[in-house]
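Colleague: Could you take me through how a ligand site and a domain arrangement are read from a model?

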Amino acid sequence: MKKLVAETKSKFLKKYETEPVWIVAVPGRVNLIGEHTDYNDGFVFPMAIERYTVIAAAPNNAADADVYSVNKEESVTIKLDGSATPPQTVVWSSYIQGVVQNAVEAGFHPMSFRAIINSSVPLEGGLSSSASLEVATATLIEAITGQKFDPVQKALLCQKAEHLFAKMPCGIMDQFISAMGREGYAMLLDCRSRVPKMIPFDDLDIAVLIINSNVKHQLTGSEYPDRRRQCEKAAQLLGVPMLRDATLRQLEEVQSVFNKEPDGNICFRRARHIITENDRTVDMADEIIHKNWKTCGKLMYESHVSMRDDFEITCAEIDILVEIARSTDGVIGSRMTGGGFGGCTVSLVKSSKAANISKVISKQYKTKTGIEPTFFATRPAQGALILGDESLGK
Ligand code: GLA
């Protein structure tokens with residue numbers, strides 16, 4: 001992170017010929033298990049990763065804010081007076097504008113600023129680059145105003161920005177972990193009570209390996225909202241408020257009710273994924289505490305199969321990556337992570353074998369798909385940070 005911060009600081013200096021006054025760094029996340037369970041009031045088990053969105057900023061003599069993205073090589077103007085409305089077309093800055101608008105509405109009034117954004121979270125990789133941008137914006141507003149959001153309010157405000165300004169009906173997982181992640185811990189989040197439970201995950205013999213398939217299938221764009229609708233319908237057919245409230249037995253008992261519906265089979269399988277995934281997620285947190293790695297691996301593979309066959313959010317390349325991982329020595333478990341249709345897999349591997357595992361998987365994946373994957377290993381990182389002067393440029 002220090003390198004990224006130093007680079008952002010020097011770019012700021014070069015562009016604006018002055019030192020930044022505020023610097024924030026907010027991580028992306030990887031979800032170890034618990035996919036699409038968050039909007040069903042279920043459980044998720046993410047950890048923050050050592051990939052960050054950094055914003056450096058200083059006061060500006062204007063009414064609006066001037067924000068430059070290093071990754072997009074583009075400047076935008078952000079309204080600070082509370083008059084912004086959701087955009088017709090969503091662009092990268094919509095996330096920033098959405099958070100600023102919600103913050104102003106919540107009584108936070110940042111003075112005008114100019115900022116540079118620089119991110120090492122891969123875009124469209126399923127590692128929450130957008131949530132880290134949202135939470136970084138909210139954290140910058142805290143740094144500028146000197147006021148603090150309640151952490152839950154902060155995450156929800158960012159989620160609302162994504163709903164309204166980016167038109168993506170996401171759950172709460174990404175914003176919670178980016179805002180509240182803790183070094184050395186994964187977060188078991190009960191998305192109903194919204195109470196996170198920090199689970200120590202600091203065994204140096206085990207590494208978390210993230211492999212980017214480097215594919216993203218932009219199908220119709222409605223896959224995520226479709227899944228949400230199918231889950232809601234399944235809950236209705238089951239007669240429960242949310243799928244979190246159903247058991248597998250209950251689901252099996254009402255299969256005939258599902259069979260009467262034209263999309264009953266689909267909704268049945270969606271529900272089966274959510275119900276079993278919730279159980280796997282709670283189990284995985286427990287198995288990690290007891291360092292039962294073999295069981296953790298089994299749960300991860302089961303989760304992948306469930307996403308592939310019941311929730312239908314994987315794709316050929318990602319399935320290939322998981323299959324290769326499964327047959328590679330030193331891999332404990334592997335599954336797709338994030339919203340789906342491409343992006344990354346997350347694998348638990350033996351640290352001593354991590355370098356070799358990357359080589360083997362890379363070679364086989366390239367042979368099978370013609371695509372070069374990218375890799376990195378990460379430890380559970382700290383959530384949103386406002387960096388003090390002493391850490392700048394180190
Ligand atoms: C995206 C959403 C999250 C969650 C995941 C799937 O990352 O933003 O809220 O639903 O997909 O687990």
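Modeller: We will go through the ligand site and then the two domains, keeping in mind that this is a predicted model.

Colleague: Which residues are around the ligand?

Modeller: The general idea is to list the residues with a heavy atom within 4 Å of the molecule. In this structure the shell consists of Arg29, Glu35, His36, Asp38, Tyr39, Cys170, Gly171, Met173, Asp174, Tyr224 and Gly339, and these residues divide into four nonpolar, three polar and four charged.

Colleague: Which polar side-chain or backbone atoms lie beside an oxygen atom of the ligand?

Modeller: One looks for pairs of N or O atoms within 3.5 Å. Here an N or O atom in the side chain of Glu35 is 2.7 Å from a ligand oxygen, a polar backbone atom of Gly171 is 2.8 Å from a ligand oxygen, and a polar atom in the side chain of Tyr224 is 2.6 Å from a ligand oxygen. Of the 310 Å² that the ligand exposes when taken alone, the protein buries 95%, and the space that the ligand takes is the largest pocket.

Colleague: How many residues of domain 1 and domain 2 are in contact?

Modeller: The domain assignment gives domain 1 as 2-201 + 381-392 and domain 2 as 206-378. Their centres, taken over C-alpha atoms, are separated by 26 Å, while 36 residues of domain 1 are in contact with 44 residues of domain 2.

Technical notes. Residues numbered from 1 in each chain as written. Predicted model: local features only at pLDDT ≥ 70, side-chain atom pairs only at ≥ 80, totals over all residues. Heavy atoms only, no water. Polar contact = N/O pair within 3.5 Å; in protein donor to acceptor, adjacent residues only side chain to side chain. Areas by Shrake-Rupley, 256 points an atom, 1.4 Å probe, with all protein chains shown as cover. 1 Å grid on protein atoms, 1.4 Å probe; cavity = no way out; pocket = protein on both sides within 12 Å on 5 of 7 lines; lining within 4 Å. Sits in = over half its atoms within 2 Å of the grid points. Nonpolar A, V, L, I, M, F, W, Y, C, P; charged D, E, K, R; others polar. Domains from an automatic or database assignment. Contact = heavy atoms within 4.5 Å.
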